[in-house]
Amino acid sequence: MNDNFLNFLSSESIEFTTGVQLSKFSYFKTGGTASVIIFPDSQKQLSLCFKWIDNHDLAFKVIGDTCNVMFLDNVDYGIFISTTRISSIFYNSDKSIITAECGALLPELSRFALSYSVTGFEGFEGIPGTVGAAVFMNAGAYGDEIKSVIDSLDVLLPDGTLKTYSLKQLRLSHRNSIFRSENKNEIIVCARFKANIGHLLTIYNRMSLLHAKRHKYQEWMYPTLGSIYSGSIYRSLAKKDLYYKFISSIYYLVFYKLKLFRREAPDNRKWLNDFTVKRFGITYDKQPFSNKDMNTLINNDHSTDDLLDYLDQLHELIGNDIPIENEIVKKF
Ligand SMILES: Cc1cc2nc3c(=O)[nH]c(=O)nc-3n(C[C@H](O)[C@H](O)[C@H](O)COP(=O)(O)OP(=O)(O)OC[C@H]3O[C@@H](n4cnc5c(N)ncnc54)[C@H](O)[C@@H]3O)c2cc1C
């Protein structure tokens, strides 16, 4: 790593770590090394880093909590800027606005909203990751999404100035935004959210219910990256194969709608997964997906080559029927 850069960071008291093993650092526990990860703790420090990097034409990638990104084994990456230390959240009751900095965690924002009886954030309680990334991909769950509550946001430009985006300018759509679709050289620094007051107990009860649902349907035994695709891969496969559609519809009817054999729906889809694997000829040495949902990668000591192989097979089957949500970080 460029010594001048590290000297600059030290002179500005900006924290950094060099030679980071991403397989230990990242949420999904994969990846080679990062030559340096920088942890600015204020918007000012973030701006200083961005300016220096831009002036010296260095490549970098901004990261939040790395919950949606898969780093590849055997790749030595360069510079990452982590936003996780820029994480304050404020409430302005006069303007009915909650402001969250980019590195604030989405579950924290959700609970912060609860504490002021602000509604519309309940579905975010179980979505891991930071506010900046949540806007980047218009995160959402259970009918709540960033698009419904965001008012505006500020980004940092490489010259250190701020630019404000209105809701309309963000072009938020299903798991997408102008930042994701246009690969902009801008860093989201804070977002302002509309604070609609609701009923405290109603908000709390909904959040509790969603929390329990998520725990049931989400993989928690192995590291994961949430959903691979934003949409059901079972439904997508059913469009391709009438026999599969028939069998999977019966499965859903019996186990999920009518719940014929138990009072509750099963907490995994192992039977349907096994059937899907056989029917579509999916191959692997060690199962690369969760028993709960084939749309979730797991890292059970997998190499990223094995995981990419599974992703390629899914892509062959599904094509562009539903958009991919997980991001693979290539060398930059
Ligand atoms: C168990 C699990 C469950 C999940 N459930 C859901 C769910 O229900 N709904 C949902 O929408 N998502 C879900 N996800 C995906 C993930 O939580 C979201 O994508 C989240 O927004 C990622 O946040 P992060 O901070 O970890 O971002 P990262 O993975 O670190 O980054 C994601 C992308 O955002 C960019 N980025 C990050 N910060 C900034 C910034 N400040 N400015 C500009 N670009 C930035 C990065 O460059 C990268 O391209 C789930 C993930 C897991 C692991």
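This report covers a five-stranded sheet, one of its hairpins and the ligand shell in a predicted model.

**The sheet**

Five strands make up an open sheet with antiparallel pairing. Their order is β6-β7-β13-β11-β12. β6 (89-92) and β12 sit at the edges. Each has a single partner strand, so one side of each lacks a neighbour in the sheet. From one strand to the next, the twist averages 20 degrees. Helix α3 (residues 43-55) lies across β11 and β13. The helix runs at about 145 degrees to β13.

**The β11-β12 hairpin**

Strand β11 (residues 150-156) runs antiparallel to strand β12 (residues 162-166). Five bridges join the two. Two of the bridge pairs are listed here.

| Residue | Bridge partner in β12 |
|---|---|
| Val-155 | Lys-163 |
| Leu-156 | Leu-162 |

Five residues lie between the strands of this hairpin. Among them is Gly-160, which takes a positive phi near 95 degrees.

**The ligand shell**

The ligand is surrounded by 31 residues. The closest are Gly-64, Gly-129, Gly-132, Ala-133 and Gly-226. By class, the shell holds 17 nonpolar, eleven polar and three charged residues.

Which elements each supply at least two residues of the shell? They are β3 (60-63), α5 (131-136), β9 (140-141) and β13 (187-194). α5 gives the largest share, with four residues. β13 thus appears in two settings: it supplies at least two shell residues, and it stands between β7 and β11 in the sheet order.

Methods:
Residues numbered from 1 in each chain as written. Predicted model: local features only at pLDDT ≥ 70, side-chain atom pairs only at ≥ 80, totals over all residues. Pairing = 2+ DSSP bridges. Near = placed C-beta within 6 Å. Nonpolar A, V, L, I, M, F, W, Y, C, P; charged D, E, K, R; others polar. Axes fitted to C-alpha atoms, helices over the stretch in contact; angles between N-to-C directions. Contact = placed C-beta atoms within 7 Å.
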